[in-house]
Amino acid sequence: MDTVVPQKTENSIPSLPWVAIALGVIIMLVITSTYSYLLFHLLVELFSVIIAFTILILVWNTREIQESAFLTIIGAGYSAAACLDLAHALTFKGMNLVTGYDTNLPTQLWIAARYLQALSLLAAPILYKKKLNIRIVLATYGSIALLLGWAAFNGYFPECYREGTGLTGFKILSEYLIIAIVITSFYMLRRIRSYFTETIYRLIIASSLCTICSEFAFTSYIGVYDFANMAGHLLKVAAYYFIYRALFVSGVREPFITLFRELKQSEQSLIESRDSVQRQVEDRTRELRESEERLRSITDSARDAIIRMDSHGIISYWNLAAERIFGYCPEEAIGKDLLNLLVPERYQAAYRTALPEFQSTGPGNGLSKTLELLVKRKDGQEIAVDLSLSVTLQNGAWHAVGIMRDISERKQAEEDLNNALFFSKNIINSAQEGIVVYDRDLRIQLFNPFMEKLTGLKASSLFGLTPFDLFPFMVESGAGEDLKRALKDEKIEPREFHFNIPETGCSGWVVQTDAPLRNGKGEIIGVLVVILDITEQKKTMGQLHQAQKMEAIGQLAGGVAHDFNNMLTIMSGYATLGFNRAEPASAFSHFFEEIIKASERSAQLIHQLLAFARKQTISPQTINLNETISAMLKMLKRLIGEDINLTSQAQANLWQLKMDPAQIDQILANLCVNARDAIGSNGKIIISTQNCTVDTYYCQDHLDAVPGEFVKLSVSDTGCGMDKETLSHIFEPFYTTKELGKGTGLGLATVFGIVKQNKGFINVYSELGQGTTFSIYLPRLYEPGSQSLSEDANAPLQRGHETILLVEDEPSILKMTSIMLETQGFTVLTADTPHEAIRLANEHAGEIHLILTDVIMPEMNGSDLAKNLLSTHPGMKCIFMSGYTADAIAHHGVLDEGVHFIQKPFTLPDLTAKVREVMDGFEYQK
């Protein structure tokens, strides 16, 4: 005969308990992989190696009686593949047993092993009729395995895995080729199906199918720790288990001819020894009876409950520890049903189901295991116990002996420990600070979710690695040395440093605090590191410092402008008086004219300073920004020259603004002139408008921004651009990059002040060589505002006859303004303090038509003075004058409705026109 296995009808398919055990092993492996993938991987490969060499042992011990080469080829092929699998496991990434190689080496060894396994499955049904020398077959397979291993270790085997990329084309092609070989073996196996029992044939087919599914899984994985890789290994376990069931277990139960000839030879000796055994049993029975009392004394001294019951669950033995644990004395327990005595009611149904199986089979699933159960005491309390169960067959019936240990205290301690561990883990995982734990070799043992989010790195890819390999910035900042000092228990101050991880693009600022990590004995076993992300704080502090610096500069500029305005008022006033009295053709007339022009230019400079400081007074109107820009374009084109292309891109249906249109002109003029200077000769300037909504997310990165709806005015140029250092100073007054004499450094400072005065904000983007874009956000007007009347610059100068109360704490300005008013026919009452003004108003017999008062004075501000006088002189008109309005008469520089104001320095025509405007109730033409 040359059959591989004789035809038998006995079913060798694993029984339900074995299937449950197999599923339990797989579940255990899956759980193991979640805690330690390396342990999971090693267990899988060791399982394969054990199965392969178990089959080889069967082949070797039956080599002389085999009439088919099927088992020889399978045994030799799988054992050779097992050697490569073992090398694959030992070189696996993270084992650290073989250095100098990456993940490619274990992948190459894996592919080599699968080729040997697949070719063995194909060769076995092809050569099954051959009578092969097992030594030659083993030598052949061993040589092939050594050659493949040598090729992999020395770089002659094709590349299978590339770090950072994944599987190579050769690896994926090999998987499909291996699948094709196994599928071909199906066909060859089917041709010799009659040589196997149906059970063995199905098991071999099942093993091959699991091999195919395993290879499919290995074509899709990317990282060695992902799900596809784990699934492939679990399928490999199933494949080896089925081949083990087919060739070893079934082979032992259903031998080809006979597995061991010695069984025949020993049959007679067993028969001869039976009588001797029976005699020995009689002697032992007597001895057992004598020792029964000794055994009882031993069991009664045990701390664990020892209970025996028959196949019907009736208690036949009950030691003293059982009485202590459960509360029943032996007389109460012996002869009672264990089900009713100890089993809680909710578990009794399952107990009744299991009892018939125990009556027929005896051992069941609980044999040789320690089970945790809940049982009830006599007082009704439920307690947890460990149960160890053993069985004996007496007179054809099964008896069980159970040893139970009360583990209530241990379970409570475990629950407390689990709660503490869960609490600690929950704190670590939900912490809004980074937590990293290093061992004594400074290898990462814990990397919490906050650190994963901060760095963009996965904790699973960092375990076992050191920060010196991963983070160069820790070495550069000194944070790495702090870790070493923590291991020496040195005192370490928190360290602030910048981190940058190119692989993920994450960067920022952190504060690291290190502390030694100790075990229960107080020994230092590692370092605990807490990382605080301060990136946003650093950004916010930088913005705050810049805002504070600009505010301080603005206050300084406003103060200087206020004092200088007073001087200019005196200079301009006296120069005007001198010019009016001098002969038109005289040299003095020309001198006074030049002084007046210089004063006017100085006044413009002061206006720019006040605009930056947000102290100038404006006359807001409801405007459409597109119309204002359109009216300004012609002048702007003349301003920047013909070489530069100026274009406008206006959005239709633009929201309205409430703003002084002159300020828009001033913004456009300053930005376009700067853009012209940045371009040089040929280039382009684009003015665009659009409606936009600013949300809170934008405001988080822009300290000056506030949420709401805005009209955005953008001015872009194709000029030389600016570096970051220049950008940080552009809005500072008197800061300029232009040559001496070609710029005052107030243009952008003026723009900044105007925008802030109108509750807007600016965003500037620029790069060297790429041009600059200024984006100005002005708040949308929700209610229409009133338009101011137009002014005519050619209106004649108006004289008056009314009485004016003039209040000014600066004597020179008080005198000069008084002369101006008197030359125009007004009667002037002068006061250098608010209290003096109140006294004059109360003592003056005639009517006072108007009070002209400074805003900021030592005793009382102009607004409070006006309220005081108007309470006693309700018909009196009022004009305020100042270098800046502050908040006494205006809100953030914008005049309240009905408040009249004249800006210092002023000319005689300006002063006369403003007085007549207020006196006559309408705006006078200048």
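**Exercise 1. A loop residue with an unusual backbone angle**

Work out whether Leu442 counts as buried or exposed at its relative accessibility of 4%, then look at its phi.

*Solution.* Start with the cover: Leu442 has 4% relative accessibility, so it goes down as buried (buried is under 20% relative accessible area, exposed over 50%, partly exposed in between, with a 1.4 Å probe and protein chains only). A word on the model: it's predicted, so local features need pLDDT of at least 70 and side-chain atom pairs 80 or more, while totals for chains, interfaces and linings use all residues. Residues are numbered from 1 along each chain as its sequence is written, and side-chain values use heavy atoms, without hydrogens or water.

Next, place the residue. Leu442 sits in the loop between β8 (434-439) and β9 (444-447) (strands are DSSP E runs of at least two residues, helices H or I runs of at least four, numbered from the N terminus). Finally, the angle: phi of Leu442 is positive, about 60 degrees, even though the residue isn't a glycine.

**Exercise 2. Another positive phi**

Find where Lys759 lies, and say whether it is buried or exposed.

*Solution.* Lys759 belongs to the loop between α25 (747-757) and β18 (761-767). Its phi is near 65 degrees, again positive in a residue other than glycine. For the cover, Lys759 has 58% relative accessibility, so call it exposed. Put the pair side by side: Leu442 is buried, whereas Lys759 is exposed.

**Exercise 3. Salt bridges**

How many salt bridges does the structure hold, and what are the N to O distances in the Glu198 and Arg193 bridge, the Arg839 and Glu836 bridge and the Glu917 and Lys914 bridge?

*Solution.* The count comes to 23 (a side-chain nitrogen of Lys or Arg within 4 Å of a carboxyl oxygen of Asp or Glu). Take the three pairs in turn:

- Glu198 and Arg193 meet at 2.5 Å, N to O. Glu198 is partly exposed at 32%, and Arg193 is partly exposed at 28%.
- Arg839 and Glu836 have their closest N and O atoms 2.4 Å apart. Both belong to helix α27 (residues 834-843), where three residues make about one turn. Arg839 has 35% relative accessibility and Glu836 has 25%, and each of them counts as partly exposed.
- Glu917 and Lys914 come in at 3.6 Å, N to O. They are three residues apart in helix α29 (residues 908-920), so about one helical turn separates them. Here Glu917 and Lys914 are both buried.

To finish, check for something beyond pairs: Glu45, Asp85, Arg114 and Lys236 are linked in a salt-bridge network.

**Exercise 4. What surrounds Arg308?**

List the residues that Arg308 contacts, leaving aside neighbours within four places in sequence.

*Solution.* First, locate Arg308: it's in strand β3 (residues 305-309). With 32% relative accessibility, Arg308 is partly exposed. Now the contacts (heavy atoms within 4.5 Å): Arg308 touches Ile314, Ile315, Ser316, Tyr317, Ala400 and Val401. As a last step, compare sequence and space: Arg308 and Leu389 are 81 residues apart along the chain, with 9.7 Å between their C-alpha atoms.
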